[in-house]
Amino acid sequence: MTCYDIFNGDADGICALQQLRLQEPRDAYRVTGLKRDIDLLQRVDAVAGDEITVLDVSLDKNRDALVALLEQGVRVFYADHHYPGEIPQHELLDCHIDVAADTCTSLIINQWLDGAQWRWAVVGAFGDNFDQSARELGVAGGLDAEELAKLQELGICLNYNGYGFELDDLLFHPAELFALVHGYADPLDFIENEPGYAELLGQYRDDTARAVGSTPQSESASGAVYLLPNEGWAKRIVGVMGNDLAKQYPERAHALLVDMGDGHYRVSVRAPYARKDGADELCRRFSGGGGRKAAAGINALAQAELARFIELFDLQFGRQNG
């Protein structure tokens, strides 16, 4: 039997897998990539009797490959919080999908494991911008304010590392970053002792400083749209910047569009932090769009569609305020 761990290359995917493999060690091939790189199941050449774990990867974007694997006799454990579409019914599929606006895959796995590795669930929730859920879990576990702040920064950095147009944009390949993380049962030990984390934190802070002063292309009471240049720092910081803006202006939505240099934008959308709904609905109106209620994106929006995007963005979130 061959085992495969398929996971999103962001904080939530990494921390969900970290919890599982600390609690249930297993030798497995790891399949991951950029945060937007989610067509992952088709890369697996599994056969009858093999086992696959899928974490924080949209079922809707992988349905055909999933069905094919199940029909071949592959057993699949699937945990996620993105819009799934129709979920296949199969005896070999163990599915744990929750699309509630206040949860993420790390929290789903934490519940599945009865809190056995809850500290990494806190990191994953912080990284996916579920600060309240992360703090509640951390406080219940006895963490103080300083420890919570450290885990929040770690979650943000792990999430930040997943953003980019190409793997070369990242400091660490997500599989490499997971390997670094996996050596530490306690995330606080990772923060204090892992040289790679110090390097990642330094690059994150440098990119954050470059983003200071960005101004919106379009702005209203219900939302703001930012255009960012075709530069490495913008490609890496876009997700964290969107999360920060969402918390800074919780009553309005935000869209960050990074110039891809080929006549398209890579789009990240954050619903109002106070409501966390509608981002996926907006993005699914465009080819290559998807995500979850609180945060979604479009892989390649033609620049000629910018005006239409802004119009639908304003309609989507202006209607929420209406």
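Contact here means that heavy atoms come within 4.5 Å of each other. Keep that in mind, as it comes back several times below.

**What you are looking at**

This is a predicted model, so to speak of a local feature we need pLDDT of at least 70, while side-chain atom pairs count only at pLDDT 80 or more, and totals for chains, interfaces and linings use all residues. Residues are numbered from 1 along each chain as its sequence is written, and side-chain values use heavy atoms, with hydrogens and water left out.

**The whole protein**

Let's start with the big picture. The protein has 12 helices and 11 strands. Both are DSSP runs numbered from the N terminus: helices are H or I with at least four residues, and strands are E with at least two. With a radius of gyration of 19 Å, close to the 20 Å from the globule rule for 322 residues, the protein is as compact as a globular protein of that length. That radius is taken over C-alpha atoms, and the globule rule is 2.2 Å times the number of residues to the power 0.38. Along the principal axes, the C-alpha atoms fill a box of roughly 55 × 45 × 35 Å.

Of the 322 residues, 55% count as buried. Buried means under 20% relative accessible area, exposed means over 50%, and partly exposed is in between (1.4 Å probe, protein chains only). If you take contacts between residues at least 6 apart in sequence, 65% of them join residues at least 24 apart.

**An open sheet**

Next, find the open sheet of 6 strands, which has the order 6-7-8-9-11-10 and mixed pairing. Its edge strands are strand 6 (218-219) and strand 10 (289-291), each pairing on one side only. Two strands pair if DSSP finds at least two bridges between them. Strand 10 runs antiparallel to strand 11 (residues 295-302), and 3 bridges join them. For instance, Gly-291 has Ala-296 in strand 11 as its bridge partner.

Helix 10 (residues 232-248) lies across strand 7 (223-228), strand 8 (253-259) and strand 9 (264-270), and runs at about 170° to strand 8. For such angles, axes are lines fitted to C-alpha atoms (for helices, over the stretch in contact), and the angles run from 0 to 180 degrees between N-to-C directions.

**Four residues to find**

| Residue | Place | Relative accessibility |
|---|---|---|
| Asn-110 | helix 3 (residues 105-112) | 10%, buried |
| Gln-152 | helix 6 (residues 145-160) | 17%, buried |
| Asp-56 | loop between strand 3 (51-55) and helix 2 (63-71) | 1%, buried |
| Asp-114 | loop between helix 3 and helix 4 (118-127) | 72%, exposed |

Who are the neighbours of the two helix residues? Not counting residues up to four places away in sequence, Asn-110 touches Gln-19, Gly-115, Trp-118, Ala-121 and Leu-137. Counted the same way, Gln-152 touches Phe-126, Asp-131, Arg-135 and Lys-247. Leu-167 is another story: Asn-110 and Leu-167 are 57 residues apart in sequence and 29 Å apart in space, C-alpha to C-alpha.

Now for the two loop residues. Most residues other than glycine have a negative phi. Asp-56, though, has a positive phi near 60°, and Asp-114 has a positive phi of about 55°. Asp-56 is buried, whereas Asp-114 is exposed.
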